[in-house]
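Please look through the following model with an eye to how its helices are arranged and how they are held against one another.

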Amino acid sequence: MLLIIELVGAIGLLLFGLRQVRNGMMRAFGTSLKRLARRTEGRILPTFLTGLLVAVLLQSSAATAMISATFAAQGAINAATAFITILGADVGTSIAALIASQKITAVSPLLIAVGYFGGQSAATPRTIGLLKSTMGIGLVLLGLSLIGATALRISQLEDFATILNIFAKQPFLVLILGALVSYLAHSSLAVILLTVGLAEVGVLDLQASLFMVLGANIGSGVLPVIAHWQSSAAARVPVVANFYVRLVGVAIATAIILLAWPLPQFGFDT
């Protein structure tokens with residue numbers, strides 16, 4: 001029971017770190033986002049790259065989607081621009097996950113110290129926001145480290161083998177779990193990073209990890225839809241369209257995994 005509490009606490013630290021990054025970036029660049037969105041309206045590639053960049057900065061495609069939908073509801077951008085921005089954000093979150101999952105946890109105390117103590121003496125909102133994000137990144141890395149260490153200890157418990165076998169034989173159960181956790185955590189990135197931590201210590205195998213990530217994409221796609229369900233069509237259409245795109249992508253990926261398993265090895269073990 002103590003190990004479960006430690007794991008939940010480590011996940012909470014990861015989520016808090018992601019929130020700090022998001023809030024810090026919004027404080028530093030929030031006033032510039034609408035200006036940037038208006039400037040790229042009508043141009044597909046710049047709009048897509050804007051969504052990608054914002055998602056990397058905010059560490060959340062769901063947050064980017066809700067911001068884009070809000071801008072569309074306000075008439076700042078049209079629905080098509082919002083949709084393309086959200087598609088870019090989907091890719092941006094993947095890049096953010098790739099960067100955050102690298103084994104650089106040793107620098108987390110330094111980032112936390114720089115972010116916290118630097119923020120105490122910072123004067124401008126942008127500097128404060130950037131330092132707050134720096135501390136958030138440090139907390140994310142520390143959370144990942146704690147998740148990996150705790151998950152390793154959990155995986156060594158004999159009774160845990162039974163649970164692992166259940167998940168190994170029920171991939172759709174893992175997918176649903178990923179979607180549920182992503183929705184509750186309001187972050188697919190957090191679920192992806194959690195999955196990386198669990199996979200590294202052998203708690204989840206490769207197939208279960210893939211389904212967990214696919215589920216996380218569904219869960220984070222639901223968030224903007226629910227948030228803007230009562231909004232105008234200009235705000236609702238882009239997030240619903242993005243959710244459909246995610247569903248199609250998850251269906252295709254699921255079919256490939258189930259039909260072509262074991263997957264060809266490209267530098268990883270199956």
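At what angle do α4 and helix α9 pack, and how far apart are their axes? In this predicted model, α4 and α9 (residues 188-200) pack at an angle of about 35°, and their axes are 10 Å apart. The crossing in which α4 passes α9 is right-handed. On the side of α4 the contact is made by T93, A96, A97 and A100, while α9 contributes S188, L189, I192 and L193. Sorted by class, the residues of this contact comprise six nonpolar and two polar ones, with no charged residue taking part.

Charge does enter the picture elsewhere on α4, through D90, whose side chain meets that of R246 in a salt bridge with an N to O distance of 2.6 Å. Because R246 belongs to helix α11 (residues 233-260) and D90 to helix α4 (residues 79-100), the pair ties together parts that lie 156 residues apart in sequence. In general, side chains of opposite charge can pair when their charged atoms come close. Both R246 and D90 are buried, and a search of the whole structure finds one salt bridge.

Helix α2 offers a check on geometry. Its 15 residues (residues 44-58), counted at 1.5 Å a residue, should span 21 Å, and since the C-alpha atoms at its ends are 21 Å apart, the model agrees with that expectation. The buried residues of α2 are T47, T50, G51, L52, V54, A55 and L58. After α2 comes Q59, which has a positive phi, near 60°.

Methods. Residues are numbered from 1 along each chain as its sequence is written. This is a predicted model: local features need pLDDT of at least 70, side-chain atom pairs count only at pLDDT 80 or more; totals for chains, interfaces and linings use all residues. Side-chain values use heavy atoms; hydrogens and water are left out. Helices (H or I, at least four residues) and strands (E, at least two) are DSSP runs, numbered from the N terminus. The expected span of a helix is 1.5 Å times one less than its number of residues. Buried means under 20% relative accessible area, exposed over 50%, partly exposed in between (1.4 Å probe, protein chains only). A salt bridge is a side-chain nitrogen of Lys or Arg within 4 Å of a carboxyl oxygen of Asp or Glu. Axes are lines fitted to C-alpha atoms, for helices over the stretch in contact, and angles run from 0 to 180 degrees between N-to-C directions. A crossing is left-handed if the near helix is turned anticlockwise from the far one by less than a right angle, and right-handed if clockwise. Contact means heavy atoms within 4.5 Å. Ala, Val, Leu, Ile, Met, Phe, Trp, Tyr, Cys and Pro count as nonpolar, Asp, Glu, Lys and Arg as charged, and the others, Gly among them, as polar.
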